[in-house]
Amino acid sequence: MQTQPDLSNHSLMPITPRPDLVFVRGAGAYLYDHTGKRYLDWVQGWAVNCLGHAPASVARALANQAETLINPSPAFYNAPALELAQLLTQHSCFDHVFFGSSGAEANEGAIKLARKWGQLHKNGAFEIITFVDGFHGRTLATMSASGKPGWDSLFAPQVPGFPKAVLNDLESVRQRINANTVAIMLEPIQGEAGVIPATQEFMHGLRALCDQHGLLLILDEVQTGCGRTGTLFAHQHYGIEPDIMTLGKGLGGGVPLSALLAKRACSCFTPGDQGGTFCGNPLVCAAGVAVVRSLTADGFLAETRRVGQQLTEGLNELSREFGLGEVRGTGMLLALELGCARGPEIVERARQAGLLLNAPRAHCLRFMPALNTTLEEVQEGLQMLRRILAETLRAQA
Ligand SMILES: *Cc1c(COP(=O)(O)O)cnc(C)c1O
């Protein structure tokens, strides 16, 4: 146990409201604060710790690599980057990989790749159709690609070239296609918008539109990839193949690692087009190798789907019991619609009770447990959530 840290006079920029506590340790499904209090963690670093907190395989890979080679520079090959790129191409429909440090950086790379491809093959077409309520990151271009309310004027002017269509409305996409269009970019499940899946029909419609008009289909799987939805990538649920995909969050098991993957036909970067000081460094790639080996091990994702199904059923029961709305999502990316704007209040009460939740929008709760969380942990969380909902909704009466 540690002494109460002084949080009244710290020097961190106030980028988000934070509760008055400091997390000092994590193990699997649990986090521990400075007082030793334990929390069941259904945020997991925002769907980042796919194997839970401080997983032994990732810790070992990091420790071994840290003692061997941390960064020779991206201008030289290193073994973990080569191995991780091979693993990712073996287990996907893609041929080439670029590694970055954040989801936004991978998406910036996807945008640049599409624009370059447009210069080479489509008379300089550069527009990428993106979606209302979509989320692609916090750089200027990825904020412009996002459809988050208010982001069109925050830090104006925006980066041009991202006309917005409406998810699951194919006609709205068709209307925005013109001679300048080079690609369509979306999340298979809009995560920050509250776990809103693209329908089967819509995703197949987009693939067909892209084929018909010679456009690239870019899937931002930063949140949905790496096993989060119960398959290695969410697009496997649809049985379609994108031309370009980005990964982030879960890929490093908690350390900063992202990837831009492309099929050979649109992998058109040449030396000088793309790079970054930390891209593909062996330290984080060693963690990525440990993660992808775990996710692709026999039976791992089948168990994720099984436990995820139990969580879905438990949430459906709570929804019936408390007269709440629909349960959305799949695998370990789920949301419960509340039918009222009390998400933040429930998140606050849950934290006090020792359960970490997230409300991406005030009217819904999002659940992102570790992919290897157990049935027992899921039952424990559901029981806690049941008590919290009872308290909160009783307080309303
Ligand atoms: C989190 C997220 C990003 C941004 O990733 P960062 O690592 O925060 O830059 C991009 N797209 C989606 C779908 C995300 O969920």
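User: What makes the pair formed by a nitrogen atom of the ligand and a polar backbone atom of Phe135 a polar contact?

Analyst: The distance does. In this predicted model, the two atoms are 3.3 Å apart. The cut-off for such a pair is 3.5 Å, so this one counts as a polar contact.

User: How do you know that Gly103 and Asp220 make polar contacts with the ligand too?

Analyst: Same test. A backbone N or O atom of Gly103 sits 2.8 Å from a ligand oxygen, and a polar side-chain atom of Asp220 is 2.7 Å from a ligand nitrogen. Both values fall within 3.5 Å, so both pairs qualify. As for cover, the ligand exposes 380 Å² when taken alone, and the protein buries 81% of that.

User: Why is Lys249 listed as part of the ligand's surroundings?

Analyst: To be on that list, a residue needs a heavy atom within 4 Å of the ligand, so Lys249 must have one. The list also includes Ser102, Asn107, His136 and Glu187. Helix α4, residues 103-121, gives the most to this shell, with 3 residues. By type, the shell has 3 nonpolar, 6 polar and 3 charged residues. And the ligand takes up the space of the largest pocket.

User: Why are β4 and β6 called edge strands?

Analyst: Start with the sheet: 7 strands, open, in the order β4-β12-β11-β10-β7-β5-β6, with mixed pairing. β4 (96-100) and β6 (164-165) each pair on one side only, which means they are the edges.

User: How do you know that β11 and β12 pair?

Analyst: Pairing takes at least two bridges, and 4 bridges join β11 (residues 244-247) to β12 (residues 258-262), so they pair. The two strands run antiparallel. In one of these bridges, Thr246 is partnered by Leu260 in β12.

User: What makes the peptide bond from Ala156 to Pro157 cis?

Analyst: Its omega is near 0°. Pro157 lies in the loop between α5 (140-145) and β6.

User: What makes Phe155 stand out?

Analyst: Its phi is positive, about 60°, although Phe155 is not a glycine. Most residues other than glycine have a negative phi, and most peptide bonds are trans. Phe155 is found in the loop between α5 and β6, and Pro157 lies in that loop as well.

How values were computed. Residues are numbered from 1 along each chain as its sequence is written. This is a predicted model: local features need pLDDT of at least 70, side-chain atom pairs count only at pLDDT 80 or more; totals for chains, interfaces and linings use all residues. Side-chain values use heavy atoms; hydrogens and water are left out. A polar contact is a pair of N or O atoms within 3.5 Å; within protein, one must be able to donate a hydrogen and the other to accept it, and residues adjacent in sequence count only if both atoms are side-chain atoms. Accessible areas come from the Shrake-Rupley method with a 1.4 Å probe; for residues, only the protein chains shown count as cover. On a 1 Å grid over the protein atoms alone, a cavity is a set of points where a 1.4 Å probe fits but cannot get out, and a pocket is an open set with protein on both sides within 12 Å along at least five of seven lines; lining residues have an atom within 4 Å of a point. A molecule sits in a cavity or pocket if more than half of its atoms lie within 2 Å of its grid points. Ala, Val, Leu, Ile, Met, Phe, Trp, Tyr, Cys and Pro count as nonpolar, Asp, Glu, Lys and Arg as charged, and the others, Gly among them, as polar.
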